[in-house]
Amino acid sequence: MAIGVVILVGSAAALAALARRFGVSEPLVLTVAGVAASYLPMVPQVHLEPEVVLLGLLPPLLYTAALRTSLVDFKDNVRTIVSLSVGLILFTTFAVAVVAWWLLPIPFAAAVALGAVVAPPDAVAATAIARRTGMPRSIVTVLEDESLFNDATALVSLRSAIAAMAGAVTVAQIGGDFLIAAVGGAAIGAAVAAALALLRTRINDPVLDTSLSLLAPFVAYLPAEHVHASGVIAVVTCGMILGHGAQRWQGAASRVAESTNWRTIGFLLESTVFLVIGLQVRWIVEGAWRSGLDHTTLLLAAAAVLAAVLLARPIWVFTPVLLARLLGRPTEPLSHAAVVSWAGMRGVVTLAAVLLLPDSTPQLPVLELLALVVVGGTLLVQGTSLPWLVRLLRLRGPSRAEDALAKAELLQQASTAGLAELDRRIEPDTPAPVIESLRQRLQWRTNAAWERLGRPEAEVATPTAEYRRLRLAMLDAERAAVLRVRDAGTADYEVLQHVLARLDLEESMIDRFDEADDEPRVEPLTGATATGCTHLEHAPLLREPAGALECARCVEEGLTWVHLRLCTDCGYIGCCESSPGNHATAHFAATAHPVIRSIEPGEVWRWCYVDELLG
């Protein structure tokens, strides 16, 4: 058993790593690999108990995603998230129920149970596909937040359907269950987060803090489920609150450790879950095939249920958008609605929920197969076509150049605040070299961020790049000297471990802040011009715009821009790369005018499209 678990987890991690390496959907690759492996003679039948998934896998997976979720963004998108995580789940549940009830010899309550099982999209699959595809951040935020909360709606619906199969259940009881699940889960999650935050303010040891973090999802989930509230909402609420307040309640070492640990745990669990889904395919298919149901009916039901799942989401998403446009109200772009409507991949929650169906459920093997068809079908159809749809609609992910500029600006603001605090705290007996060292340290960090906006270091040697090169070489020499002492046995082992840890910490900090990203670099100006760029040298620093301070193309097409850019040749105003229209770049492609200037308040930089330099 232990060897099997090690092989399972190791294989899942290796397959996920290969999928990342070749830019293929990880959930799809893992599921297909599991299906293939299930037909190998040496692979035993895999059957997961629902408690293993609901208690062992679901809480940490939800908590991992919740820690990375912005509480601010959630508040800004709460109406959309509620519509998708409650309204859409109920709509899909009953749409699937009608189809299944019509085609299969099962009571309506069992059909509703099947609908609740296949209704919730998967947080893991949505995140994996969305980030790999490079969608706009606004879409990724909605998909991630929706997938955190829709599980609660689906599980409460499933619980009500199972109760209806066992006996009478009223609408009032169902409504009460939803209210208890939502309010109770949120209250318990907030209470657990408050208690853990109080403990964290009194813990300085990263090991103890990490141990507390590993317990957090289970401490939130179990009490909520015990009182029949939503453990899912409790875990998500707890994770979002703790993630939002981590900078105030945790030390830096604890935050770094927690981030690394949960990313590792999330990666292993996500990879293993989808491999297990594939491993169960053979046995579920064989069980349904021998269930006694006519094979034509079985295949027709599988195709119809999958079609209902695929169509329910676009109908729900597009209906209010189209109605609003008919009434002349502002709405999100249709391209955004198209992507959201097609990002409905199913996964771990459907796998867990179908296991909750009691053995007395009519046509249980067939219902298990239909749930599996929905998981595999959505991963195959939507998971493989979603990147193509994003490219077809010409949607752009976050602009790396603009992200780098925003990071540099934010670090500049932080440095200004730090220098102001340094000036306030300087005392008469503070040594001047200490003050100068602190100022230089801050200046180097700020310069490093701005230098990352320029060309790759292979083309332009920047001061901080040289600092990193030389400092890393020095650290290698320092580590070699310590290792020689260790091998000679002339120093205490604990002392050696402490010194080596300090060297590792400094090296990791250099890597993290100076070379962790693969963002494009734009070299800042020295004085008034950027070295080697004649376009920036001859472009005017200031120019009057040719029209109103708006993107005329966006106004014409009904789009909303993010930032505005001014062509220094002709005064044309277009929107930035992060905007849906990307009209500034389109203007360069049409006119070959090389330099644009930001006309956002407080921004005075220019960008050369030809030489890819910031000035």
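**View 1. Helices that line the second largest pocket.** Helix 5 (78–103), helix 8 (137–166), helix 15 (295–326), helix 16 (334–342) and helix 19 (400–425) each supply at least two residues of the lining of the second largest pocket, helices being DSSP runs (H or I, at least four residues) numbered from the N terminus. This is a predicted model, in which local features need pLDDT of at least 70 and side-chain atom pairs count only at pLDDT 80 or more, whereas totals for chains, interfaces and linings use all residues. Residues are numbered from 1 along each chain as its sequence is written, and side-chain values use heavy atoms, with hydrogens and water left out. The lining divides into 20 nonpolar, 12 polar and 11 charged residues.

**View 2. The buried side of helix 1.** Across the 20 residues of helix 1 (residues 2–21), a rise of 1.5 Å a residue should give a span of 28 Å, and the end C-alpha atoms lie 29 Å apart, which agrees. Ala12, Ala13, Ala16 and Ala19 of this helix are buried (under 20% relative accessible area with a 1.4 Å probe, protein chains only; exposed means over 50%). The face turned away from the buried side of helix 1 carries the exposed residues Ile3, Val6, Ile7 and Arg21. The buried residues of helix 1 pack against helix 2 (26–38) and helix 13, contact meaning heavy atoms within 4.5 Å.

**View 3. Serine 254 in helix 13.** Serine 254 lies in helix 13 (residues 252–279) and is buried, with a relative accessible area of 3%. Residues up to four places away in sequence not counted, serine 254 touches Asp205, Pro206 and Asp209.

Terms used: Expected span 1.5 Å × (residues − 1). Nonpolar A, V, L, I, M, F, W, Y, C, P; charged D, E, K, R; others polar.
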